[in-house]
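Good morning, everyone, and thank you for making room for this short talk. Please have the sequence and the model open, and we will walk through a few parts of it together.

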Amino acid sequence: MNKGLCHLYSGDGKGKTTAAMGLALRALGNGLRVVVVQFLKGQPTGEAALLRSLGAQVLRDEPDTKFVFQMDEAEKAACREAQTQRLAQALEMPCDVLVLDEACAACALGMVDEALLRRAVLERPAGREVVLTGRDPAPWMCEAADYHTQMRCVRHPYDAGVGARKGIEY
(Lines give C-alpha, C1' and ligand atoms only; values in the text may rest on other atoms or scores of the structure.)
Protein backbone atom coordinates (compact mmCIF):
# COMPACT_ATOMS: atom_id res chain seq x y z
CA MET A 1 0.00 0.00 0.00
CA ASN A 2 1.22 3.50 -0.84
CA LYS A 3 1.59 5.26 2.50
CA GLY A 4 1.99 8.78 1.11
CA LEU A 5 4.86 10.85 2.47
CA CYS A 6 5.36 14.29 3.95
CA HIS A 7 7.65 16.77 2.18
CA LEU A 8 8.98 19.90 3.91
CA TYR A 9 10.74 22.72 2.07
CA SER A 10 12.01 25.22 4.63
CA GLY A 11 14.75 27.78 5.21
CA ASP A 12 15.58 31.40 4.44
CA GLY A 13 16.43 30.88 0.77
CA LYS A 14 14.42 31.26 -2.42
CA GLY A 15 12.87 28.17 -3.92
CA LYS A 16 10.51 26.66 -1.35
CA THR A 17 7.30 27.43 -3.23
CA THR A 18 9.05 26.81 -6.55
CA ALA A 19 10.02 23.30 -5.44
CA ALA A 20 6.51 22.57 -4.17
CA MET A 21 4.90 23.79 -7.39
CA GLY A 22 7.37 21.76 -9.44
CA LEU A 23 6.30 18.67 -7.53
CA ALA A 24 2.63 19.62 -8.15
CA LEU A 25 3.32 19.93 -11.89
CA ARG A 26 5.08 16.57 -11.94
CA ALA A 27 2.13 14.99 -10.14
CA LEU A 28 -0.39 16.54 -12.56
CA GLY A 29 1.70 15.34 -15.51
CA ASN A 30 1.40 11.82 -14.14
CA GLY A 31 -2.36 11.95 -13.71
CA LEU A 32 -2.42 12.61 -9.97
CA ARG A 33 -5.02 14.87 -8.36
CA VAL A 34 -3.50 17.99 -6.79
CA VAL A 35 -4.90 20.47 -4.28
CA VAL A 36 -2.88 23.55 -3.35
CA VAL A 37 -3.61 25.84 -0.40
CA GLN A 38 -1.57 29.04 -0.48
CA PHE A 39 -1.54 30.68 2.94
CA LEU A 40 -0.67 34.36 3.44
CA LYS A 41 -0.38 35.11 -0.28
CA GLY A 42 -2.74 37.90 -1.25
CA GLN A 43 -0.84 39.07 -4.30
CA PRO A 44 -1.40 37.21 -7.58
CA THR A 45 1.22 34.60 -8.39
CA GLY A 46 2.02 33.13 -11.78
CA GLU A 47 1.66 29.52 -10.71
CA ALA A 48 -1.96 29.60 -9.52
CA ALA A 49 -3.63 30.15 -12.91
CA LEU A 50 -1.36 27.66 -14.67
CA LEU A 51 -1.96 24.96 -12.06
CA ARG A 52 -5.72 25.54 -12.31
CA SER A 53 -5.57 25.24 -16.11
CA LEU A 54 -3.88 21.87 -15.69
CA GLY A 55 -6.57 20.59 -13.32
CA ALA A 56 -5.28 21.44 -9.85
CA GLN A 57 -7.57 22.94 -7.25
CA VAL A 58 -5.92 26.09 -5.89
CA LEU A 59 -7.26 27.82 -2.78
CA ARG A 60 -5.71 31.13 -1.76
CA ASP A 61 -6.31 34.55 -0.22
CA GLU A 62 -8.20 37.35 -1.89
CA PRO A 63 -5.98 39.67 -3.98
CA ASP A 64 -6.26 42.55 -1.50
CA THR A 65 -5.15 40.62 1.60
CA LYS A 66 -2.61 42.60 3.66
CA PHE A 67 0.57 41.29 5.21
CA VAL A 68 -0.09 40.04 8.75
CA PHE A 69 2.03 42.82 10.31
CA GLN A 70 -0.25 45.38 8.61
CA MET A 71 -3.47 43.86 10.03
CA ASP A 72 -5.33 44.95 13.13
CA GLU A 73 -6.65 42.28 15.49
CA ALA A 74 -10.07 42.05 13.80
CA GLU A 75 -8.43 41.61 10.39
CA LYS A 76 -6.13 38.94 11.79
CA ALA A 77 -9.09 37.05 13.25
CA ALA A 78 -10.98 37.23 9.95
CA CYS A 79 -7.92 36.11 7.99
CA ARG A 80 -7.28 33.23 10.40
CA GLU A 81 -10.89 32.09 10.03
CA ALA A 82 -10.74 32.32 6.23
CA GLN A 83 -7.46 30.38 6.05
CA THR A 84 -8.76 27.71 8.41
CA GLN A 85 -11.90 27.38 6.26
CA ARG A 86 -9.77 27.02 3.11
CA LEU A 87 -7.75 24.28 4.76
CA ALA A 88 -10.92 22.49 5.89
CA GLN A 89 -12.30 22.81 2.34
CA ALA A 90 -9.10 21.36 0.89
CA LEU A 91 -9.27 18.39 3.25
CA GLU A 92 -12.71 17.53 1.85
CA MET A 93 -11.40 17.42 -1.73
CA PRO A 94 -10.12 14.15 -3.13
CA CYS A 95 -6.44 14.44 -3.93
CA ASP A 96 -3.21 12.52 -4.19
CA VAL A 97 -0.98 15.52 -3.47
CA LEU A 98 -1.85 18.28 -1.01
CA VAL A 99 0.45 21.30 -1.13
CA LEU A 100 0.26 23.59 1.93
CA ASP A 101 2.28 26.56 0.74
CA GLU A 102 3.51 28.88 3.53
CA ALA A 103 1.98 26.57 6.13
CA CYS A 104 5.01 27.10 8.37
CA ALA A 105 4.47 30.87 8.56
CA ALA A 106 0.70 30.54 8.85
CA CYS A 107 1.20 28.20 11.80
CA ALA A 108 3.92 30.30 13.47
CA LEU A 109 1.84 33.48 13.16
CA GLY A 110 -1.33 31.81 14.44
CA MET A 111 -3.09 32.45 11.12
CA VAL A 112 -4.53 28.95 10.77
CA ASP A 113 -5.94 26.50 13.28
CA GLU A 114 -2.86 24.49 14.23
CA ALA A 115 -4.83 21.44 15.32
CA LEU A 116 -6.46 21.21 11.88
CA LEU A 117 -3.09 21.71 10.18
CA ARG A 118 -1.58 18.93 12.29
CA ARG A 119 -4.45 16.62 11.34
CA ALA A 120 -3.91 17.46 7.64
CA VAL A 121 -0.33 16.26 7.97
CA LEU A 122 -0.38 13.58 10.65
CA GLU A 123 -3.75 11.99 9.87
CA ARG A 124 -3.66 12.18 6.09
CA PRO A 125 -5.36 9.39 4.16
CA ALA A 126 -3.25 6.51 2.91
CA GLY A 127 -1.54 7.41 -0.33
CA ARG A 128 -1.76 11.20 0.07
CA GLU A 129 1.49 13.13 -0.24
CA VAL A 130 1.54 16.34 1.80
CA VAL A 131 3.93 19.18 1.02
CA LEU A 132 4.67 21.97 3.53
CA THR A 133 6.65 25.11 2.74
CA GLY A 134 7.94 28.08 4.68
CA ARG A 135 10.53 29.49 7.01
CA ASP A 136 10.91 28.26 10.59
CA PRO A 137 8.77 25.12 10.60
CA ALA A 138 7.29 23.99 13.89
CA PRO A 139 9.19 21.10 15.53
CA TRP A 140 6.28 18.73 14.84
CA MET A 141 6.56 19.53 11.11
CA CYS A 142 10.26 18.63 11.08
CA GLU A 143 9.52 15.42 12.92
CA ALA A 144 6.68 14.48 10.55
CA ALA A 145 8.69 15.13 7.39
CA ASP A 146 9.87 12.15 5.38
CA TYR A 147 11.69 14.60 3.07
CA HIS A 148 13.11 17.80 4.56
CA THR A 149 14.99 20.15 2.27
CA GLN A 150 16.34 23.41 3.65
CA MET A 151 16.83 26.26 1.21
CA ARG A 152 19.73 28.42 2.39
CA CYS A 153 20.24 31.92 1.08
CA VAL A 154 23.83 32.58 0.07
CA ARG A 155 23.13 35.68 -2.03
CA HIS A 156 19.90 37.38 -3.07
CA PRO A 157 19.40 40.38 -5.41
CA TYR A 158 17.00 41.95 -2.88
CA ASP A 159 20.05 42.77 -0.74
CA ALA A 160 21.37 44.86 -3.67
CA GLY A 161 18.06 46.71 -4.04
CA VAL A 162 16.46 44.51 -6.72
CA GLY A 163 12.77 44.00 -5.92
CA ALA A 164 10.66 40.94 -6.58
CA ARG A 165 10.20 40.33 -10.30
CA LYS A 166 7.02 39.04 -11.91
CA GLY A 167 7.55 35.57 -13.34
CA ILE A 168 10.65 34.96 -11.25
CA GLU A 169 9.80 35.61 -7.60
CA TYR A 170 6.02 35.63 -7.97
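Strand E1 is mostly covered, since 6 of its 6 residues are buried, where buried means under 20% relative accessible area, exposed means over 50%, and partly exposed is in between, with a 1.4 Å probe and protein chains only. Helices (H or I, at least four residues) and strands (E, at least two) are DSSP runs, numbered from the N terminus. I should say early that this is a predicted model, in which local features need pLDDT of at least 70 and side-chain atom pairs count only at pLDDT 80 or more, while totals for chains, interfaces and linings use all residues. Residues are numbered from 1 along each chain as its sequence is written, and side-chain values use heavy atoms, with hydrogens and water left out.

In a regular strand the side chains alternate between the two faces of the sheet. In E1, Cys6, Leu8 and Ser10 point one way, His7, Tyr9 and Gly11 point the other way, and all are buried.

Which strands pair with E1? E1 pairs with E5 in the parallel sense over 5 bridges, and Tyr9 stands opposite Thr133 in E5; two strands pair if DSSP finds at least two bridges between them. E1 also pairs in the parallel sense with strand E6, residues 147-151, over 5 bridges, and here Leu8 stands opposite His148.

Now to the interior. The largest nonpolar core has 28 residues, and those with the most contacts inside it are Leu100, Leu117, Leu132 and Met141; such a core is a set of buried Ala, Val, Leu, Ile, Met, Phe, Trp, Tyr and Cys residues joined through side-chain atoms within 4.5 Å. Among the elements that give two or more residues to this core are strand E1 (6-11), helix H3 (73-92) and strand E5 (129-134). Apart from this core lies another, of 17 residues, including Leu23 and Val58.

If we leave aside neighbours within four places in sequence, Leu132 is in contact with Cys6, His7, Leu8 and Tyr9, among others, contact meaning heavy atoms within 4.5 Å.

Let me finish with two single residues. Is Arg86, which lies in helix H3, buried or exposed? Arg86 counts as buried because its relative accessibility is 13%, and, leaving aside neighbours within four places in sequence, Arg86 is in contact with Val37, Leu59, Arg60 and Asp61. Leu54, in the loop between helix H2 (46-53) and strand E3 (57-60), counts as partly exposed because its relative accessibility is 46%.
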